[in-house]
Amino acid sequence: MDASLHEWNLAPKEAIALQKTLAKRLETADRIDSVQHIAGVDIGFEAGGDITRAAVVVLMWQPDSTQHLAVVEQVVHREPTRMPYIPGLLSFREIPAALEAFAKLTIRPELVMVDGQGIAHPRRLGVAAHLGLWLNLPTVGIAKSRLTGQYEEVGNMRGDWVPLTSGKDVIGAVLRSRENVKPVFVSPGHRLSLETSLDWVVRCLGRTKLPEPTRLADRLASRRDQKRLI
DNA sequence: GCGACAG
DNA sequence: ATCTTGTCGC
């Protein structure tokens, strides 16, 4: 995509119209290269929300090792916050900073995991889907809570999941990533099917609720991590 | 008009 | 998201 054709500081009305247009460009089928590196993305805030902090962690996927994932690069980018949080328009607030962080990366991952929704969004363009279009990379969204969609109760065994639906459409999955813990909401972003999305999320699960790429990015983006470094 | 509402 | 200590439970 061409950055010059895209505005980030749009009024809600324009942003919503743009989402509807961009959603049509999403690829639903798998189009993913052999996975060597997986990136995790998350955004945090400082100074009462005035500063946006984008974190990207890249892990190497090593199927033959006991430790399937190993961190090989991590980047943090800070900048003044440009937009308030508006449900449904999260990507306009978070993606600009995320792109800056990606620009600092030396490795180009084959798969990207984002903290937030993929197509499980009112207009099918959650932050993971929107970022996927920008990066032209396969993306999957892992959210800690629901934005839209209906679902039945999910089993309590790790790996259990139920479809997240919107009318007749399946827009994601509610996945029990850890026993006795609230499930996560997995939805494909760009260039990924739901099945493949779930496969990778489950494969990247450690002992915690969030898959490693997102968990580590979360930690890096958090205010707490910043204190940790001092 | 009344709720719901990723981070 | 963030402000924040201890505390209940697997």
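These legends walk through several close-up views of a predicted model that holds a protein and DNA strands.

**View 1. DNA strand B and the residues around it.** Here we're looking at the surface near DNA strand B, where 19 residues surround the strand. The closest are Y85, G88, K144, S145 and R146. Of the atoms of DNA strand B that come within 4 Å of the protein, 51% belong to sugar and phosphate. Sort the surrounding residues by class and you get eight nonpolar, five polar and six charged. Which helix gives the most to this surface? That's helix 2, with three residues. Strand 1 (37-46) is also on the list of elements that supply at least two residues each.

**View 2. Polar atoms that meet DNA strand B.** Zoom in on DNA strand B and a few individual atom pairs stand out. L90 brings a polar backbone atom to 3.1 Å from a base nitrogen of the strand. Q117 does something along those lines: one of its backbone N or O atoms lies 3.3 Å from a base nitrogen. With R146, look at the side chain and the phosphate instead, since an N or O atom of that side chain is 3.2 Å from a phosphate oxygen of DNA strand B.

**View 3. DNA strand C and its neighbours.** Now for the other strand in these views. Which residues surround DNA strand C? They are G44, F45, K144, N180 and R223. By class, that makes one nonpolar, two polar and two charged. F45 has a polar backbone atom 3.3 Å from a phosphate oxygen of DNA strand C. K144 reaches a phosphate oxygen of this strand through its side chain, with a polar atom 3.2 Å away. You've met K144 before, as one of the closest residues to DNA strand B.

**View 4. A buried glutamate in helix 2.** E94 sits in helix 2, which runs over residues 90-103. Is this residue buried or exposed? E94 is buried, and yet has no salt bridge. The nearest side chain of opposite charge is that of R93, 5.4 Å away. A salt bridge here needs nitrogen and oxygen within 4 Å, so that distance is over the cut-off. Leaving aside residues up to four places away in sequence, E94 touches I43, F45 and V127. F45 is also one of the residues around DNA strand C, while V127 is among the buried residues of helix 3.

**View 5. Helix 3, tucked inside.** Helix 3 covers residues 127-135, and nine of its nine residues are buried, so the helix is largely enclosed by the rest of the structure. The buried residues are V127, A128, A129, H130, L131, G132, L133, W134 and L135. What do they pack against? Their partners are helix 1 (12-23), strand 1, helix 2, strand 4 (111-115) and strand 5 (139-143). Follow the chain just past the helix and you reach N136, which takes a positive phi of about 55°.

**View 6. Salt bridges around the structure.** How many salt bridges turn up in a search of the whole structure? The count is seven. One of them joins the side chains of R31 and E27, at 2.7 Å from N to O. R31 is partly exposed, at 37% relative accessibility, and E27 is partly exposed too, at 29%. Another salt bridge links E79 and R82 at 3.2 Å. In this pair E79 is buried, with a relative accessible area of 10%, whereas R82 is partly exposed, at 48%.

**View 7. A salt bridge along helix 5, and a network elsewhere.** The side chains of R215 and E212 meet in a salt bridge of 2.8 Å, N to O. Both residues belong to helix 5 (residues 212-221), and because they are three residues apart there, about one helical turn separates them. R215 is partly exposed, at 27%, and E212 counts as buried, at 18%. There's also a network to find: salt bridges that share partners join E46, R53 and R78.

**View 8. P63, out in a loop.** P63 is found in the loop between strand 2 (51-61) and strand 3 (69-80). With 49% relative accessibility, this proline counts as partly exposed. How far apart are P63 and F45? In sequence they are 18 residues apart, and in space they are 34 Å apart, C-alpha to C-alpha.

Key
Residues are numbered from 1 along each chain as its sequence is written. Chains are lettered from A and ligands numbered from 1 in the order in which they are written. This is a predicted model: local features need pLDDT of at least 70, side-chain atom pairs count only at pLDDT 80 or more; totals for chains, interfaces and linings use all residues. Side-chain values use heavy atoms; hydrogens and water are left out. Helices (H or I, at least four residues) and strands (E, at least two) are DSSP runs, numbered from the N terminus. Buried means under 20% relative accessible area, exposed over 50%, partly exposed in between (1.4 Å probe, protein chains only). Lys and Arg count as positive and Asp and Glu as negative; His and the chain ends are not counted. Contact means heavy atoms within 4.5 Å. A residue is near a molecule or strand if one of its heavy atoms lies within 4 Å of it. A polar contact is a pair of N or O atoms within 3.5 Å; within protein, one must be able to donate a hydrogen and the other to accept it, and residues adjacent in sequence count only if both atoms are side-chain atoms. Ala, Val, Leu, Ile, Met, Phe, Trp, Tyr, Cys and Pro count as nonpolar, Asp, Glu, Lys and Arg as charged, and the others, Gly among them, as polar.
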